[in-house]
Amino acid sequence: MATSLKTTLLYLLSLLLILPVLAQDEQKDTYILITQVQVWDAKGKDLVKSDILIKNNLIEAFGKNLKAPEGATIINGKNGTVTPGLIDMHTHIMLNGPKAFYTGQGDYGPFAIGAWAYQDMNLLLDQGFTSIRDIAGNSLGMAKAVQNDLMRGPRIWSSGPAFSSTGGHGDAGVWNQLPNENNQPNMTMNLATADGVDEVIKMARWNYRHGAAFAKIMASGGVASEFDPLEITEYTYDEMRAIVKISEDNRTYATIHAYHDSAINRAIDAGVKCVEHGFLMSEQTVKRMADENIVLSLQGYVSTVQFAEASQIPWFSPEQVRKATQVYEGAKQMIEWAKKYQVFIVSGSDMFAENTPNAKMNITVEKEFGWEPWEILQHNTLNAGKVLAMSGPARNPYREGPLGVIEVGAYADILIWEKSPLEDIDNVLPNDNIQVLIKDGEILKNTLED
Ligand SMILES: [Zn+2]
């Protein structure tokens, strides 16, 4: 008996000694050392020759002649150019399929919409967008699945369904609809209408309950929607203020879809911090945005290239073509003023559905407005990362470090380009110019190996 007790005790003791070793082994740190590259850290125009050491999902060290810890994966960058992963600040992954904005109006169910969204997420990731801000659409579940590592795709900051008044830019219902009748897009919560302070508060709380990172408000008429000329203002001050207040209580912010002065000024008065589009603003309102540090989210390609030939967009009605032409006529002037007053700018493609594969054309188009490649890239990296962080400690799904920048402690979202986009911004376009794509410290693509 005594011997068997002793044996049992020795066995238990040996288990106690081994267990921590096993546990440690399971959580072993992983390292990647990148060498032989020119690094653009996104903070200025210069490139530096430097190594980068990644530990797990963050940048551990950044400097010359870094030592590789044992077991590290070593990537010889063969003189390629490193930039942070790109960030698209205005996507709509849930507005997809053949009818884009109107998908979900009865032809397809939420399952098909989700499958299309997954495809679009990966089309964006393969273009080098390691993060997206999805800004109207019920991508809340997709965002959560990516965050929990259950689905391949870019990091997603989702607004959830945008706030739209009845007849506003997010009302994709049929014309022949009764006042309290719900419609298909609303039932998927892809686009939703809410009227009055009580309803918008309820919807804001629903969005934040499901993990929304910020709020998106449809504040003026829009091009893709059917019932709202561009000139109209769609929410009262009290309604906008109520959405902003719930967002502030969640330590985050609200942004608006808007084109003209009255919607934009009312929204800024109500505490909104970011404006999408804004192409029909006056010089005075552009200056106000600069003075009050309001962010401008720019869609250069859609407004100045696609809307130049709006009749070619397959699902646009004659009225939508007319509105698109209005935007096209205002866009270049507004962008000139935004440059003049140095408004804080981020880029968001707004190129959804059939345009998703071409989202990077929203980056290259900015050279037409007179920006240098490094400034354009900042709109899609450093500046974008700062706006993503505006979701605050409570609602930012990624709080371990900054994004859109190469520095110690930042997330390891890294691209190595064969031809440098800092020399010629058009080098961002071919996906095969991206030789290495790392997201969250994981190598998703590496063509340098062979
Ligand atoms: Zn949009």
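## Asking around a predicted model

Reader: Is K28 buried or exposed?
Author: This is a predicted model, so let's count neighbours in it. K28 has 9 other C-beta atoms within 10 Å, and a residue counts as exposed at 12 or fewer. Because 9 falls under that cut-off, K28 is exposed.

Reader: Okay, and where along the chain is K28?
Author: Look for the helix α1, residues 2–26, and then for the strand β1, residues 31–39. K28 is in the loop between α1 and β1.

Reader: How far apart in space are K28 and N56?
Author: Along the sequence, they are 28 residues apart. Going from C-alpha to C-alpha in space, the distance is 9.2 Å.

Reader: What sort of turn is N56 in?
Author: Find strand β3, residues 51–55, and strand β4, residues 58–63, which pair in the antiparallel sense over five bridges. One pairing to look for is I54 with its bridge partner I59 in β4. Two residues sit between β3 and β4, and N56 in that turn has a positive phi of about 55°. Together β3 and β4 form a hairpin.

Reader: Now the strand β7: how many of its residues are buried?
Author: β7 covers residues 129–134, and it is mostly covered. The count of buried residues is six of six.

Reader: Which strands does β7 pair with, and in what sense?
Author: On one pairing, four bridges join β7 to β6, residues 86–91, and I87 stands opposite S131. On another, four bridges join β7 to β8, where D134 has S158 as its bridge partner. So β7 pairs with β6 and with β8, and the sense in each case is parallel.

Reader: Why are the buried residues of α3 on the same side?
Author: The buried ones in α3, residues 140–147, are L140, M142, A143 and V146. They end up on the same side of α3 because they cover an arc around the axis of only 165°.

Reader: What do those buried residues of α3 pack against?
Author: Part of the answer is a helix and part is a strand. Just past the end of α3, by the way, D149 takes a positive phi of about 65°. The packing partners are α2 (110–126) and β8 (155–158).

Reader: What about α5: how far does it reach?
Author: α5 runs over residues 196–209, which makes 14 residues. At 1.5 Å a residue, 20 Å is expected. From its first C-alpha to its last, α5 comes close to that, at 20 Å.

Reader: Which exposed residues are on the face of α5 turned away from its buried side?
Author: Start with the buried ones: V200, M203, A204, N207 and Y208. They cover an arc of only 135° around the axis, which puts them on the same side of α5. That buried set packs against several elements, including β9, β10 and α6. The face turned away carries D198 and R209.

Reader: Which strand gives the most to the side of domain 1 that touches domain 2?
Author: The chain is divided into domain 1 (31–85 + 406–446) and domain 2 (86–370), with 31 Å between their centres. In contact are 11 residues of domain 1 and 10 residues of domain 2. With three residues, the strand that gives the most on the domain 1 side is β17 (434–439).

Reader: And how many residues of each class are on that side of domain 1?
Author: Sort the residues of domain 1 that touch domain 2 into nonpolar, polar and charged. The tally is six nonpolar, two polar and three charged.

Conventions. Residues numbered from 1 in each chain as written. Predicted model: local features only at pLDDT ≥ 70, side-chain atom pairs only at ≥ 80, totals over all residues. Pairing = 2+ DSSP bridges. Expected span 1.5 Å × (residues − 1). Buried ≥ 20, exposed ≤ 12 C-beta atoms within 10 Å, placed from the backbone. Arc of directions from axis to C-beta. Contact = placed C-beta atoms within 7 Å. Domains from an automatic or database assignment. Nonpolar A, V, L, I, M, F, W, Y, C, P; charged D, E, K, R; others polar.
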